[in-house]
Amino acid sequence: MKTTTLLFDLDGTLLPLDQDEFIIEYFRLIAEYLTKRKPDADKYINAVKQAVFGMMKNDGSCTNEELFAMLYKEKPGKDEAPESLFEAFYKNDFEKLKKVCGYAPEAKKAIELAKEKGLRLILATNPAFPSVATYDRIRWAGLVPEDFEHITAWENSSFCKPEPGYYREIFKKCIICPSECMMIGNDTLDDMLPSKALGMKYFLLTNCLVNRTGRDINEFPHGGWKELFDVISKL
């Protein structure tokens with residue numbers, strides 16, 4: 001079937017970064033933020049970490065945002081709703097994470113090329129952040145949220161990668177068939193294997209490759225930006 005839709009990963013794909021470094025700095029900033037506001041900050045920091053990792057295992061029974069809030073509030077002494085506690089963090093402090101991210105002008109070129117080809121564009125980033133934080137990262141990549149018809153974030157997603165349910169939720173919301181889609185990402189486990197299993201086309205961008213399971217990447221079409229431009233140009 002003809003490809004009508006490109007699903008782009010964000011972190012490590014459109015936005016160059018080292019995922020481990022990004023996560024470490026993210027939790028460091030949260031700890032710094034909470035330490036300034038809570039006398040028993042360690043309890044809050046631990047609650048946030050457990051809620052984040054719990055959210056990554058969401059089974060689809062509620063949104064990621066709802067599960068995060070539920071898990072966070074289950075911790076003893078958490079008398080403040082996470083949305084009020086972290087509103088200022090995501091509006092102000094989250095911006096500091098930009099320093100551990102790179103910038104690839106090719107990202108904008110890829111999006112522009114896809115638009116010229118008349119392709120639908122979906123930002124299929126792991127929905128472990130609220131939309132405000134996702135929009136920030138889109139802008140750090142030199143793009144704008146309006147470049148995409150659908151953007152996954154914790155408010156509108158009930159699964160996280162690599163769960164197949166994450167992708168099925170996109171298919172349902174955007175009314176598309178897997179065979180019409182191509183997933184473009186940098187992670188063999190989160191992006192490539194679910195795409196292959198669900199019947200999507202796929203391309204592994206290797207500039208910031210994540211391959212924790214040590215798979216032979218030759219089983220996936222792969223390459224750098226030049227190779228990706230060639231693939232998009234032929235769609």
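**Cavity, pocket and charge pairs in a predicted model**

Q: How many cavities of 30 Å³ or more does the structure hold?
A: Keep in mind that this is a predicted model. Rolling a probe the size of a water molecule over the atoms shows where empty space is left. With the bar set at 30 Å³ or more, the count of cavities is 1.

Q: What is the volume of the largest cavity, and which residues line it?
A: Its volume is about 30 Å³. H1 and H4 each supply at least two residues of that lining. The residues around the space are Tyr26, Ile30, Val48, Phe68, Phe86, Tyr90 and Trp154.

Q: How do the residues lining the largest cavity divide by class?
A: Tyr26 and Trp154 are among the lining residues, and Tyr and Trp both count as nonpolar in this scheme. No lining residue is polar and none is charged. That leaves the nonpolar class, with 7.

Q: How much space lies in the largest pocket, and which helix gives the most to its lining?
A: The pocket holds about 700 Å³ of space. H1, helix H2 (41-55) and helix H8 (188-198) each bring at least two residues to the lining. The one that gives the most, with 6 residues, is H1.

Q: Which lining residues lie nearest the centre of the largest pocket?
A: The lining runs to 29 residues. By class, these split into 13 nonpolar, 7 polar and 9 charged. Nearest the centre you'll find Gln19, Ile23, Met56, Asn126 and Asp190.

Q: How many salt bridges are there, and which residues are linked in a network?
A: A pair counts when a side-chain nitrogen of Lys or Arg sits within 4 Å of a carboxyl oxygen of Asp or Glu. By that rule there are 17 salt bridges. The linked set is Glu25, Arg28, Glu32, Asp93, Lys96 and Lys99.

Q: How many residues apart in sequence are the parts that Asp9 and Lys161 tie together?
A: The side chains of Asp9 and Lys161 form a salt bridge, at 3.0 Å from N to O. Asp9 sits in the loop between strand E1 (5-8) and helix H1 (19-35), while Lys161 sits in the loop between strand E3 (150-151) and helix H7 (164-174), so the bridge ties together parts whose separation in sequence is 152 residues.

Q: Are Asp9 and Lys161 buried or exposed?
A: To count as buried, a residue needs under 20% relative accessible area. Asp9 and Lys161 both come out as buried.

Q: What kind of peptide bond joins Lys161 and Pro162?
A: Pro162 is in the loop between E3 and H7. Omega for the bond between Lys161 and Pro162 is about 5°, and the bond is cis.

Q: Is Lys91, in its salt bridge with Glu87, buried or exposed?
A: The closest N and O atoms of Lys91 and Glu87 are 3.1 Å apart. Both residues lie in helix H4 (residues 82-91), 4 residues apart, or about one turn of the helix. Glu87 is partly exposed at 44% relative accessible area. Lys91 has 58% relative accessibility, so this residue counts as exposed.

Q: Is Asp136, the salt-bridge partner of Arg139, buried or exposed?
A: Arg139 and Asp136 share helix H6 (residues 131-140), 3 residues apart, and their closest N and O atoms are 3.9 Å apart. Arg139 is partly exposed at 45% relative accessibility. Asp136 has 14% relative accessibility, so the verdict for Asp136 is buried.

Q: Which residue follows H6, and what is its phi?
A: H6 has several buried residues, including Ala133, Ile138 and Trp140. The residue after the helix has a positive phi: Gly142, near 85°.

Q: How far from Glu180 is the nearest side chain of opposite charge?
A: Glu180 lies in the loop between H7 and strand E4 (181-185), and touches Met1, Lys2, Thr3, Thr4 and Thr5 among residues more than four places away in sequence. Glu180 is buried yet has no salt bridge. Arg120 is the nearest side chain of opposite charge, at 5.4 Å.

Q: What is the phi of Ile175?
A: Ile175 is in the loop between H7 and E4. With a relative accessible area of 73%, this residue is exposed. Ile175 isn't a glycine, yet its phi is positive, at about 50°.

Notes. Residues are numbered from 1 along each chain as its sequence is written. This is a predicted model: local features need pLDDT of at least 70, side-chain atom pairs count only at pLDDT 80 or more; totals for chains, interfaces and linings use all residues. Side-chain values use heavy atoms; hydrogens and water are left out. Buried means under 20% relative accessible area, exposed over 50%, partly exposed in between (1.4 Å probe, protein chains only). On a 1 Å grid over the protein atoms alone, a cavity is a set of points where a 1.4 Å probe fits but cannot get out, and a pocket is an open set with protein on both sides within 12 Å along at least five of seven lines; lining residues have an atom within 4 Å of a point. Grid points are joined across faces, edges and corners, and a volume is the space filled by probe spheres set on the points. Lys and Arg count as positive and Asp and Glu as negative; His and the chain ends are not counted. Contact means heavy atoms within 4.5 Å.
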